[in-house]
Amino acid sequence: MSISHAPPGSPEPDISEISQEGAEAGDAKGAEQGAQAEPLSGSDLDLTPIVPASARRTRVPRWLRRTTGPVLLLVLWQLLSATGVLTADVLASPGRIAQVGWDLTADGSLPGAIGTSLQRVAGGLLLGTVIGTGLALVSGLFRVGEDLVDAPVQMLRTVPFVGLIPLFIIWFGIGEAPKIAIITLGVTFPLYLNVYAGIRGVDAQLIEAGESLGLSRWGLVRHVVLPGALPGALTGLRYSLGIAWLALVFAEQVNADAGIGFLMVQARDFLRTDVIVVCLIVYAFLGLLADLIVRTLERLLLQWRPTFTGR
């Protein structure tokens, strides 16, 4: 059925003639446009490269961005000290602290204290790493080990290690042993938790793939489980280093006769805020250096793992 809009009585148009005329007109128009169009040469093309929005921003050197905050803080600190808002008995000025730090370095007090503190941290970190990693391997690789080890570790983890200082003094005396024991205890639990979580977080499909390739149990642990747990272990090591320096502050309050904490105790007795701030800055720089070492290890050992580095 067809519907025609022509008036009644008029002859209907021949559809075939109309379609043929339209086709001829279209062909003529297309030929005319094709004749007018010419191929563009390379010089006629104005190509604009697409640049990401992040790349169009003004690039500031990263070292300048990272140092801007501390420099502004030092300037504000110096201004407050110069105007008398911060008095010397409350907080010494940056210039005074720099002078005191130079004097302590020149007479050998600060280098000797740093060496003693580094020995204590190194001993506690080594013991804590061995104990925490060993317990995590036993608990993470074996179900029997988890049943025997995990519950006691979780119970001890909730006990503040600072509260065990009197007990350590009774057990180990007032020498170096309680100081290293406090640091060891502070390092053990963060490392245990992260290594254990890393082992148990390995994808089960990777284990099945390794078994299908014929790997033995030790082969699975060596080639699949341990590499998969390595990111968590390094994260735990970074966290443990921070706890180690925190534990050192408390450990060196236990009848210490050397170390950075000993300098702080003496400065507290004589109300020397400048010496206290110098010791705190040394703590901060030593912790930052230790964290930089671990981050360098992460970049070297985890090159196989692509990660987002920010924009």
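Is Asp274 buried or exposed? In this predicted model, Asp274 is buried, as its relative accessible area comes to 5%. The residue sits in helix α12, which spans residues 273–301. Its side chain makes a polar contact of 3.1 Å with the side chain of Arg272. Further off in sequence, setting aside anything within four places, Asp274 is in contact with Ala92, Arg96, Ile97 and Val100.

Stepping back to the whole chain, the fold comes out as twelve helices and zero strands. Reading along the sequence simply gives α-α-α-α-α-α-α-α-α-α-α-α. The chain has 311 residues, and 30% of them are buried. Of the contacts with a separation of 6 or more, 72% are between residues 24 or more positions apart.

Next comes the core. In soluble globular proteins, nonpolar side chains tend to be buried together. Here, the largest nonpolar core holds 51 residues, and the members that touch the most others are Ile182, Ile183, Trp245 and Ile260. Several helices feed into this core with at least two residues each: α4 (94–106), α5, α6 (143–157), α7 (165–172), α8 (176–200), α10 (217–251), α11 (260–269) and α12.

Ile260 deserves a closer look. Leaving out residues up to four places away in sequence, Ile260 touches Ala113, Ile114, Ser117, Glu252, Cys279, Val282, Tyr283 and Leu286. One of these partners, Ser117, belongs to helix α5 and is buried, with a relative accessible area of 0%. A polar atom of the Ser117 side chain lies 3.0 Å from the backbone nitrogen of Ile260. Besides Ile260, the contacts of Ser117 beyond four places in sequence take in Leu248, Glu252 and Gly259. Glu252 thus turns up in the contact lists of both Ile260 and Ser117.

Helix α5 also carries two buried glycines worth describing. Gly132 is found in this helix, which covers residues 109–141, and counts as buried because its relative accessibility is 0%. Its C-alpha atom is 5.6 Å from that of Leu191, although the two residues are 59 apart along the chain. Apart from residues up to four places away, Gly132 touches Thr188 and Tyr192. Gly140 is found in α5 as well, and with a relative accessible area of 8% this glycine is also buried. In this case the C-alpha partner is Tyr196, 56 residues apart along the chain and separated from Gly140 by 5.3 Å. Tyr196 is also among the residues that Gly140 touches outside the four-place window, together with Ile199 and Arg200.

What about the way α10 and α12 pack? Two packed helices are described by the angle between their axes and the distance between the axes. For α10 and α12, the angle is about 170° and the axes are 10 Å apart. Roughly antiparallel is therefore the label for this pair, since angles over 145 degrees count as such. On the α10 side, the residues that meet α12 are Leu230, Leu234, Thr235, Leu237, Arg238, Leu241, Trp245, Leu248 and Val249. Facing them from α12 are Tyr283, Leu286, Gly287, Ala290, Asp291, Val294, Arg295, Glu298 and Leu301. Sorted by character, the contact has twelve nonpolar, two polar and four charged residues. Trp245, one of the α10 residues here, is also one of the well-connected members of the largest nonpolar core. Tyr283 and Leu286, on the α12 side, are likewise among the residues touched by Ile260.

One charged residue of this contact can be followed in more detail. Glu298 has its place in helix α12 and counts as buried because its relative accessibility is 17%, under the 20% cut-off. Its C-alpha atom is 6.8 Å from that of Leu234, with their positions 64 residues apart along the chain. Once residues up to four places away are set aside, Glu298 touches Leu234, Thr235 and Arg238, three residues that belong to the α10 side of the helix pair.

Technical notes:
Residues numbered from 1 in each chain as written. Predicted model: local features only at pLDDT ≥ 70, side-chain atom pairs only at ≥ 80, totals over all residues. Heavy atoms only, no water. Helix = DSSP H or I, 4+ residues; strand = E, 2+ residues; numbered from the N terminus. Buried < 20%, exposed > 50% of the residue type's maximum accessible area, 1.4 Å probe, protein only. Contact = heavy atoms within 4.5 Å. Polar contact = N/O pair within 3.5 Å; in protein donor to acceptor, adjacent residues only side chain to side chain. Core = buried A, V, L, I, M, F, W, Y, C linked by side-chain atoms within 4.5 Å. Axes fitted to C-alpha atoms, helices over the stretch in contact; angles between N-to-C directions. Parallel < 35°, antiparallel > 145°, perpendicular 65-115°, else oblique. Nonpolar A, V, L, I, M, F, W, Y, C, P; charged D, E, K, R; others polar.
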